[in-house]
Amino acid sequence: MNEATDLPPSPVLPRLTDRLRRGQKVHVTLFGSSTTEGIGASSPEHGFAAVFERTFAPFVTGGLTVINRGIGGNGAQEMHDRLSGVLADEADLVMWQTGSNDAWQGVKLETYEDLTRQDLMTTRGTGADLALIDPQYCRMLEECAAFPPFVPAVHRIGAELGIPVFGRYARMKSWCAELGMERDELSPDGLHMGDQGYLLLGEAVARWLVELTGAPVGAFAHGG
């Protein structure tokens, strides 16, 4: 028997996985821009953070705390400038939503990548697990000539640093096809997600985390 190959694979999110398995309290910080803040939702309880928390909480037997550190319009530089608040959270998981605003700001792709990579590595130094969420599929970003390279850039950073990436861009396209929805039904103002988009996103991200940590997913009520 080859002991090395018989060992279970290392979890993608080791700290989160360990705390879930031990039934310990879990602290998640959501860090990003308008999606994290919930701009476009009819009320805070219909935004991404609230849907995510409601959906993920039943799988955290020790209790779940979610801090929403989303500020609309933030790019990599603005997120860098307020990183100290994220570090002070001492979170078990930092969910990092990124890549949507830098194209609008005229930030060079390599500048975005370098700064984001640096801040992710700094955050990892606290012992937190990290997960990325890539940009949204919406009319206004599709019309921005500088935008297309930013989606693969998020995935490239994730691959380089061993950080899982939730592919929101591809998921939103698939929701449109699978659910017979128009793109603007998910982002009614052409940029920010609405209630239906946040419902699908919050539930899908929570399910994705449960799958990554090996917990059962049967209790999820909605698709996504």
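**Entry 1: N68**

I began with N68, which lies in strand β2, the run of residues 64-70. I note at the outset that the model I am reading is a predicted one. I asked whether N68 is buried or exposed, or something in between; with a relative accessible area of 35%, N68 is partly exposed. Leaving aside the neighbours within four places in sequence, I found N68 in contact with L30, T36, E37 and A49. I also looked up P148, which is 80 residues from N68 along the chain, and the C-alpha atoms of N68 and P148 are separated by 27 Å.

**Entry 2: helix α2**

I then turned to helix α2, residues 14-22, and listed its buried residues, which are L16, T17 and L20. Seen down the axis of α2, these buried residues fall within an arc of 100°, so they line one face of the helix. I wrote a general reminder beside this: an α-helix has 3.6 residues a turn, so residues three or four places apart point the same way.

Which elements cover the buried residues of α2? I found that the cover includes the strands β1 (26-32), β3 (93-97) and β4 (129-133), together with the helices α4 (48-56) and α13 (195-213). After α2 comes G23, and the phi of G23 is positive, near 70°.

**Entry 3: E90, another positive phi**

I looked up E90 next, which is not a glycine and yet has a positive phi of about 50°. In general, most residues other than glycine have a negative phi. E90 lies in the loop between α6 (83-89) and β3, and E90 is exposed, with a relative accessible area of 61%.

**Entry 4: helices α8 and α10**

How do helix α8 (residues 109-124) and helix α10 (residues 150-161) pack, and at what angle? I noted an angle of about 35°, with the two axes 11 Å apart, and I recorded that α8 passes α10 in a right-handed crossing. From α8 the contact takes in L109, Y112, E113, T116, R117, L120, M121 and R124, and these meet F150, A153, V154, R156, I157, E160 and L161 of α10. I sorted the residues of this contact by kind, and they divide into 9 nonpolar, 1 polar and 5 charged.

I then picked two residues of α8 to look at singly. T116, which lies in helix α8, counts as buried at 4% relative accessibility. Not counting residues up to four places away in sequence, T116 touches A76, W96, T98 and I157, and I157 is one of the α10 residues in the helix contact above. E110 also lies in helix α8, but E110 counts as exposed at 56% relative accessibility. E110 and F150 are 40 residues apart in sequence, and I noted 9.9 Å between them in space, C-alpha to C-alpha.

**Entry 5: cysteines**

How many disulfides does the model hold? The count comes to 0 disulfides. For C144, which is in no disulfide, the nearest cysteine sulfur is that of C138, 9.8 Å away. For C176, the closest cysteine sulfur is also in C138, and at 11 Å that sulfur is too far for a bond, because a disulfide needs the two sulfur atoms within 2.5 Å. I looked up the accessibility as well: C144 is buried, with a relative accessible area of 12%, and C176 counts as buried at 12% relative accessibility.

**Entry 6: W104**

C144 came up again when I turned to W104, whose place is in helix α7, residues 102-105. Leaving aside the neighbours within four places in sequence, W104 is in contact with M140, L141, C144 and L191. W104 counts as partly exposed, at 41% relative accessibility. The C-alpha atoms of W104 and G75 are separated by 9.1 Å, although these residues are 29 residues apart along the chain.

**Entry 7: Q136**

My last look was at Q136, which is found in the loop between β4 and α9 (139-142). Is this loop residue, Q136, buried or exposed? At 2% relative accessibility, Q136 counts as buried. Not counting residues up to four places away in sequence, I listed S100, L141, F147, R168, Y169, M172 and L191 as the residues that Q136 touches. L141 and L191 are also among the contacts of W104. I closed with the pair Q136 and K173, which are 37 residues apart in sequence and 9.3 Å apart in space, C-alpha to C-alpha.

Technical notes: Residues are numbered from 1 along each chain as its sequence is written. This is a predicted model: local features need pLDDT of at least 70, side-chain atom pairs count only at pLDDT 80 or more; totals for chains, interfaces and linings use all residues. Side-chain values use heavy atoms; hydrogens and water are left out. Axes are lines fitted to C-alpha atoms, for helices over the stretch in contact, and angles run from 0 to 180 degrees between N-to-C directions. Helices (H or I, at least four residues) and strands (E, at least two) are DSSP runs, numbered from the N terminus. A crossing is left-handed if the near helix is turned anticlockwise from the far one by less than a right angle, and right-handed if clockwise. Contact means heavy atoms within 4.5 Å. Ala, Val, Leu, Ile, Met, Phe, Trp, Tyr, Cys and Pro count as nonpolar, Asp, Glu, Lys and Arg as charged, and the others, Gly among them, as polar. Buried means under 20% relative accessible area, exposed over 50%, partly exposed in between (1.4 Å probe, protein chains only). The arc is that of the directions from the helix axis to the C-beta atoms.
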